[in-house]
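Here is a quick tour of the fold, starting from the inside and working out to the helices. Keep the structure open as you read.

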Amino acid sequence: MLVAGIDSSTQSVKVLLCRAEDGTVVDAASAPHPDGTECHPRHWWDALQRTRDLLERADAVAVAAQQHGMVALDEDGTVVRPALLWNDTRSAPQARALVEELGGAKTWAGRAGSVPLASFTVSKLRWMAEHEPENARRTATVLLPHDWLTLRLGAAGPVTDRGDASGTGYWSPGDGRYLPEFVRAALGHEPVLPRVAGPAETVGETPWGGRLAPGTGDNMGAALGLGLAEGDMVVSIGTSGTVFAVAPRPAADPSGLVAGFADATGRYLPLVCTLNAARVLTSAAALVGADLDGLSELALAAEPGAGGLTLLPYLDGERTPDRPDATGTLAGLITSNATRENLARAAVEALLCSLADAAGHLVAQGARPRRTLLIGGGARSAAVRALAPAILGTPVTVPEPAEYVALGAARQAAWALAGTPAPPEWPAPPATEHTAGTAAAAAVEEIRGRYALLRDAGRPRDTTGGQGS
């Protein structure tokens, strides 16, 4: 039996075809679609159609896609406007207003599991209500990106899963139900929301007769693809940076730094997300006139601490801390340290300091990681792998590069096919272990101290209502 897992990310659709019994990848396909902070859903569907020959070989299918995106449909099921995606920060003022209107951060954390930021669906609904009132009035149904693709693939009706629903800002992970008053406050009326299916439920049938699983969000898919267990912490360096761990109980962080998501298995997935991750590396590489491998070589040729250079990598604003209007800052630049090597090193150290802060917030909420798994495109950087153990403060396991989001979706499809109480046991991916070198470990206190001073210098200019770090 074969199963297909679909990862619909910000830039492309990726599909893995796997053996249901052990997860062995037997084929793969991908197709690009437009990048940006908003995208018409038809582009996702058009990209998916270019993988149709592979998909039709699958006995079961599941979709994992970027969290938070707002797909608004009218009474006829027509898309009202291009979907606003997780990385669209225009709704930051609306997020702050909703928090103030509906009881403050503690109430939101306790009821919705998270304090909404610009990325959350609920904030985007309020933005649309204020800036595009006619579109808001037309909106009869609100879906997430993976919900929309699942519906197009043959779901019996609008359906989602608890993992992706937990990122909307209007579904309670603790109570397992929608919060209609929250969505009404955002949109101005109560739309149809997708039914929340069980983790291994069959929700429909594909046009070629395959079983359709409920799907999930991308981070939940990655956790399932990695076979994440309690005691594991993942640091993912993709378009965004995410740090997450599975937990037996829901999180509720009133600071807004830790999102109290659910996972795709019935447990919980507390998560911290940064807006700037792999693009810090690509931007730095462009500045020094190198490719990513060249950036690593330059960074590793510099001394720890980059000769006193410190970068605050908020190139596109930031989500953790909540500074949507922030910009990047390079501090400590003098004639003697103005080298390509030091700039490359400062970029890698800044990225990892940002993720180390994120991991610290997760630990403050009770996570007790026994190991850290480093994944995502940024994990392929030799400099990132070399510097991560020291800056993150723990040995680092780097699984073999793979499409873990799509793999997790495939595993969910295999679970729906098997009908068992737990997901099928697939072998853990091959991995390499990395530990901190002596010189890097000795310099960490200074590196993180300089980074913290630069990060905290921006606080007086923030208008985050207490949600910054």
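## The nonpolar cores

In this predicted model, the largest nonpolar core has 60 residues, and the members touching the most others are V3, L125, M128, Y170 and F244. Helix α15 (residues 404–418) gives the largest share of this core, with nine residues. There is also a second, separate core of 51 residues, and V235, V272, L355 and V398 are among its members.

V3 is a good place to zoom in. Setting aside residues up to four places away in sequence, V3 touches L16, L17, C18, A20, A58 and A60, and further along the chain also A410, A413, A414, L417 and W426.

## The annotated N-terminal domain

UniProt has an unreviewed entry here, and its annotation "domain: Carbohydrate kinase FGGY N-terminal" covers residues 3–206. Over that stretch the chain is 34% helix and 25% strand. The C-alpha atoms at its two ends sit 12 Å apart.

## Helix α10 and D218

Is helix α10 (residues 218–226) mostly buried or exposed? Eight of its nine residues are buried, so the helix is largely enclosed by the rest of the structure. Those eight are N219, M220, G221, A222, A223, L224, G225 and L226. Just past the end of α10 comes G227, which takes a positive phi of about 65 degrees.

D218 also belongs to α10, and the unreviewed UniProt entry lists D218 under "active site". Which residues does D218 contact, leaving aside its neighbours within four places in sequence? They are A65, Q66, Q67 and V405.

## S123 in helix α5

S123 lies in helix α5 (residues 121–131). Its relative accessibility is 0%, so S123 counts as buried; the cut-off for that is under 20%. Not counting residues up to four places away in sequence, S123 touches S91, Q94, A95 and L98, along with P116, L117 and A118.

If you want a sense of distance across the model, take S123 and D263. They are 140 residues apart along the chain, and their C-alpha atoms are separated by 22 Å.

## How α12 packs against α11 and α14

Helix α12 (residues 292–301) has a contact with helix α11 (residues 278–288), where the two axes come within 9 Å and cross at roughly 80 degrees. That crossing makes α11 roughly perpendicular to α12. On the α11 side the contact uses L281, T282, A284, A285 and V288, while α12 brings L292, L295 and L298. Sorted by class, this contact has seven nonpolar residues, one polar residue and no charged ones.

What about α12 and helix α14 (residues 382–392), and at what angle do they pack? The angle is about 40 degrees, with the axes 7 Å apart. The two helices are therefore oblique to each other. From α12 the contact takes S296, A299 and L300, and from α14 it takes A382, A383, A386 and L387. By class, the contact of α12 with α14 has six nonpolar residues, one polar and no charged.

When you look at which residues of a helix share a contact, one rule of thumb helps. An α-helix has 3.6 residues a turn, so residues three or four places apart point the same way.

Conventions
Residues are numbered from 1 along each chain as its sequence is written. This is a predicted model: local features need pLDDT of at least 70, side-chain atom pairs count only at pLDDT 80 or more; totals for chains, interfaces and linings use all residues. Side-chain values use heavy atoms; hydrogens and water are left out. Axes are lines fitted to C-alpha atoms, for helices over the stretch in contact, and angles run from 0 to 180 degrees between N-to-C directions. Helices (H or I, at least four residues) and strands (E, at least two) are DSSP runs, numbered from the N terminus. Angles under 35 degrees count as roughly parallel, over 145 as roughly antiparallel, 65 to 115 as roughly perpendicular and the rest as oblique. Contact means heavy atoms within 4.5 Å. Ala, Val, Leu, Ile, Met, Phe, Trp, Tyr, Cys and Pro count as nonpolar, Asp, Glu, Lys and Arg as charged, and the others, Gly among them, as polar. UniProt positions are given in the numbering used here, feature names are shortened, and annotations may be inferred rather than shown by experiment. A nonpolar core is a set of buried Ala, Val, Leu, Ile, Met, Phe, Trp, Tyr and Cys residues joined through side-chain atoms within 4.5 Å. Buried means under 20% relative accessible area, exposed over 50%, partly exposed in between (1.4 Å probe, protein chains only).
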